[in-house]
Amino acid sequence: MGSKIAVTICSIMPVLFFSDYGGTNRLKTMKHRVDGVDKESFTYSYTLIEGDALMDMIESITYHIKIVPSADGGSVYKNRSIYHTKGDAQIAEEEIKAGKDKAKGIFKVVEAYLHANPDAYN
């Protein structure tokens, strides 16, 4: 695990979707705010503050990412998501699971790309 993270804290990053990995993507845009990066502990926190994923019932979603060593010499990616709803809105467990599954799918695509293209991050 290297410590090559170059991010400006509190930056705003728009994300545009040009394809829909799997044919079911209804999301068009997202805007993330980077809340914190700690190279020594391999943690990264950011908040989704705008976009289709908020579905008019969510104010924001905060993500806390941590990468820890695994027993086989690799790494384990841990993610905690905190949903901040508008008013007393309730989110169905199925919707949360669908969001997690979609994020996992995108992660797998990025992971495969980085394995196939190690010079992309060096």
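**Exercise 1. Find how many salt bridges the whole structure holds, and describe where the pairs of Glu50, Asp35 and Lys97 lie.**

*Solution.* A search of the whole structure, which is a predicted model, finds four salt bridges. As a general background to this step, side chains of opposite charge can pair when their charged atoms come close.

Step 1. Begin with Glu50, which forms a salt bridge with Lys31, the closest N and O atoms being 3.7 Å apart; this separation falls inside the cut-off, which asks for a nitrogen within 4 Å of a carboxyl oxygen. The pair links distant parts of the chain, since Glu50 belongs to strand β3 and Lys31 to strand β2 (residues 29-38), 19 residues apart. Glu50 counts as partly exposed because its relative accessibility is 44%, and Lys31 also counts as partly exposed, at 26%.

Step 2. Turn next to Asp35, whose side chain meets that of Arg33 in a salt bridge with an N to O distance of 2.7 Å. Asp35 is partly exposed, with a relative accessible area of 28%, and Arg33 counts as partly exposed at 30%.

Step 3. Finish with Lys97, whose side chain meets that of Asp101 in a salt bridge at 2.8 Å, N to O. Both residues lie in helix α1, four residues apart, which is about one turn of the helix. Asp101, at 43% relative accessibility, counts as partly exposed.

**Exercise 2. Work out which elements the protein contains, and in what order they run from the N terminus.**

*Solution.* Step 1. Counting the elements gives one helix and five strands in the protein.

Step 2. Reading from the N terminus on, one meets them in the order β-β-β-β-β-α, so that the helix follows the strands along the chain.

Step 3. For a wider view of the fold, consider the contacts between residues at least 6 apart in sequence: of these, 34% join residues at least 24 apart. Buried residues make up 19% of the 122 residues in the protein, while the accessible surface comes to about 8600 Å², of which 55% belongs to carbon and sulfur atoms.

**Exercise 3. List the residues of the largest nonpolar core, and determine which element gives the largest share of it.**

*Solution.* Step 1. In soluble globular proteins, nonpolar side chains tend to be buried together. Here the largest nonpolar core has 11 residues, namely Met30, Tyr46, Leu48, Ala53, Leu54, Ile58, Ile61, Tyr63, Ile65, Ile91 and Ile96.

Step 2. Assigning these residues to elements shows that β3 (43-51) and β4 (58-69) are the elements that give two or more residues to this core. The largest share, four residues, comes from β4.

Step 3. Leu48 illustrates the surroundings of one core member: leaving aside residues up to four places away in sequence, Leu48 touches Met30, Lys31, His32, Ala53, Leu54, Ser60, Ile61 and Tyr63. Lys31, in this list of contacts, is also the residue that forms a salt bridge with Glu50.

**Exercise 4. For the ring pairs Tyr46 with Tyr63 and Tyr77 with Phe107, decide which is stacked and which is tilted.**

*Solution.* Step 1. The structure holds three aromatic pairs. The rings of Tyr46 and Tyr63 have their centres 4.8 Å apart and their planes at 20 degrees, so this pair is stacked, given that planes under 30 degrees apart count in that way. The pair links distant parts of the chain, with Tyr46 in strand β3 and Tyr63 in strand β4, 17 residues apart. Both Tyr46 and Tyr63 are buried.

Step 2. The rings of Tyr77 and Phe107 have their centres 4.4 Å apart, but because their planes stand at 35 degrees, the pair is tilted. Tyr77 lies in strand β5 and Phe107 in helix α1 (residues 93-116), so the pair ties together parts that are 30 residues apart in sequence. Tyr77 is partly exposed, with a relative accessible area of 36%, and Phe107 counts as partly exposed at 30%.

Step 3. Place each pair in its setting. Ring pairs link Tyr44, Tyr46 and Tyr63 into a cluster, whereas Tyr77 and Phe107, together with Ile67, form a nonpolar patch on the surface, with about 230 Å² of accessible area together.

Definitions and conventions. Residues are numbered from 1 along each chain as its sequence is written. This is a predicted model: local features need pLDDT of at least 70, side-chain atom pairs count only at pLDDT 80 or more; totals for chains, interfaces and linings use all residues. Side-chain values use heavy atoms; hydrogens and water are left out. Buried means under 20% relative accessible area, exposed over 50%, partly exposed in between (1.4 Å probe, protein chains only). Contact means heavy atoms within 4.5 Å. Accessible areas come from the Shrake-Rupley method with a 1.4 Å probe; for residues, only the protein chains shown count as cover. Patches are made of residues with over 30% relative accessible area and no salt bridge: like charges are joined within 9 Å, nonpolar side chains (Val, Leu, Ile, Met, Phe, Trp, Tyr) within 5 Å. A nonpolar core is a set of buried Ala, Val, Leu, Ile, Met, Phe, Trp, Tyr and Cys residues joined through side-chain atoms within 4.5 Å. Rings of Phe, Tyr and Trp (its six-membered ring) pair if their centres lie within 6.5 Å; planes under 30 degrees apart count as stacked, over 60 as edge-to-face and the rest as tilted.
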